[in-house]
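This report introduces one structure to a reader who has not seen it before. Please look over the sequence and the view below before reading on.

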Amino acid sequence: MSTELKFITEPKTAAIVGCPFSGGQPKPGVDQGPIHLVNAGLVDQLKELGWKVAFDGHHQFEEVSASSDPPIGILKNPRLVSRVSQAVAGSVGAHARQGQFPVTIGGDHSLAMGTISGTLSHYPDACVIWIDAHADINTIETTESGNIHGMPMSFLLGINETHIPEYDWIKPILTPDRLVYIGLRDVDKGEKMILKKHGIKAFSMHEVDKYGIGKVVEMALDHVNPKRDRPVHLSFDVDALDPSVAPSTGTPVRGGLTFREGHYICEAIHETGLLVAFDIMEVNPSLADESAVAQTVAVGCSLVRSALGETLL
């Protein structure tokens with residue numbers, strides 16, 4: 001690997017944060033995603049790329065019984081999601097402070113409240129590149145489902161009008177100009193209004209078609225990291241990819257990124273040398289047949305390798 005990572009100390013250590021967690025959404029099985037990715041050989045694959053790998057098993061999240069976690073408004077599992085995300089924030093933040101590179105494997109995307117909070121605890125000026133079919137920026141006021149995996153960005157940006165004390169641990173230090181989306185194609189009406197209101201830059205699949213993925217990544221970086229000096233947190237939901245590429249996920253939407261477009265994003269952001277954390281989320285091995293699961297898990301592993309420096313030549 002020739003790219004020097006500006007914020008990661010030598011010898012380069014990838015800290016795998018396994019998060020078998022599904023509480024932010026209703027479909028069972030997404031908690032098995034991390035286990036499948038590790039069982040597919042992810043640790044050895046990263047070692048072959050020249051990384052030291054720290055992985056001491058998956059997080060064991062204490063179950064909060066549903067009886068003690070009634071909805072807050074229509075938010076489902078609000079205390080469980082908060083508690084787990086806070087634990088993840090502590091883990092990611094600790095790895096970042098040691099100069100390590102946290103690779104969080106989920107689990108559902110509500111975990112990003114934790115991963116990004118952890119990154120920001122050490123790199124307060126970091127920017128976030130969010131790769132997803134969905135904006136995940138519904139607020140307590142706009143969510144129609146109450147599934148918190150569609151809401152992590154609203155907590156991170158501090159744009160909820162309703163105060164929920166359980167989430168007071170999230171410091172809303174991320175600013176809208178340090179967030180950019182790539183791959184959006186299924187955005188709720190309320191979310192579109194939020195993106196416009198806060199001037200948040202988003203490159204939907206329309207822009208990917210129009211400009212090509214190389215130009216889109218360049219424009220995204222120009223927006224959130226104009227001087228190429230800010231640390232980058234890359235959060236990748238596998239449903240950003242077309243379902244023909246990654247079928248085994250909870251909310252697939254046709255017309256997504258191709259295999260190469262997804263990998264190009266990871267490769268190009270690695271090449272900046274600014275990447276400090278990577279999330280791969282929403283691999284759900286229970287939602288497809290065996291070959292489709294194996295395909296999705298293999299793609300998940302290969303996206304991680306691309307983000308950590310694997311190149312085609």
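The text that follows treats one helix and then the salt bridges.

The model is a predicted one. Helix α9 comprises the 13 residues 259-271. At 1.5 Å a residue, the helix should span 18 Å, and its end C-alpha atoms are 19 Å apart, which agrees. The buried residues of α9 include Gly262, His263, Ile265, Cys266 and Ala268. Just after the helix, glycine 273 adopts a positive phi of about 75 degrees.

Side chains of opposite charge can pair when their charged atoms come close. In this model the count comes to six salt bridges. Three pairs are listed here with the distance between their N and O atoms.

| Arginine | Glutamate | N to O distance |
|---|---|---|
| Arginine 228 | Glutamate 218 | 3.1 Å |
| Arginine 260 | Glutamate 267 | 3.0 Å |
| Arginine 305 | Glutamate 310 | 3.1 Å |

Arginine 228 lies in the loop between α8 (213-224) and β7 (232-237), and glutamate 218 in helix α8, 10 residues apart. Arginine 228 counts as partly exposed because its relative accessibility is 25%, and glutamate 218 is partly exposed at 41%.

Glutamate 267 has a relative accessibility of 13% and therefore counts as buried, the limit being under 20%. Its partner arginine 260, at 35%, is partly exposed. In the pair of glutamate 310 and arginine 305, the glutamate is partly exposed, with a relative accessible area of 27%, whereas arginine 305 counts as buried at 18%.

Salt bridges also link Asp69, Arg79 and Glu166 in a network.

Methods: Residues numbered from 1 in each chain as written. Predicted model: local features only at pLDDT ≥ 70, side-chain atom pairs only at ≥ 80, totals over all residues. Heavy atoms only, no water. Helix = DSSP H or I, 4+ residues; strand = E, 2+ residues; numbered from the N terminus. Expected span 1.5 Å × (residues − 1). Buried < 20%, exposed > 50% of the residue type's maximum accessible area, 1.4 Å probe, protein only. Salt bridge = Lys/Arg side-chain N within 4 Å of Asp/Glu carboxyl O.
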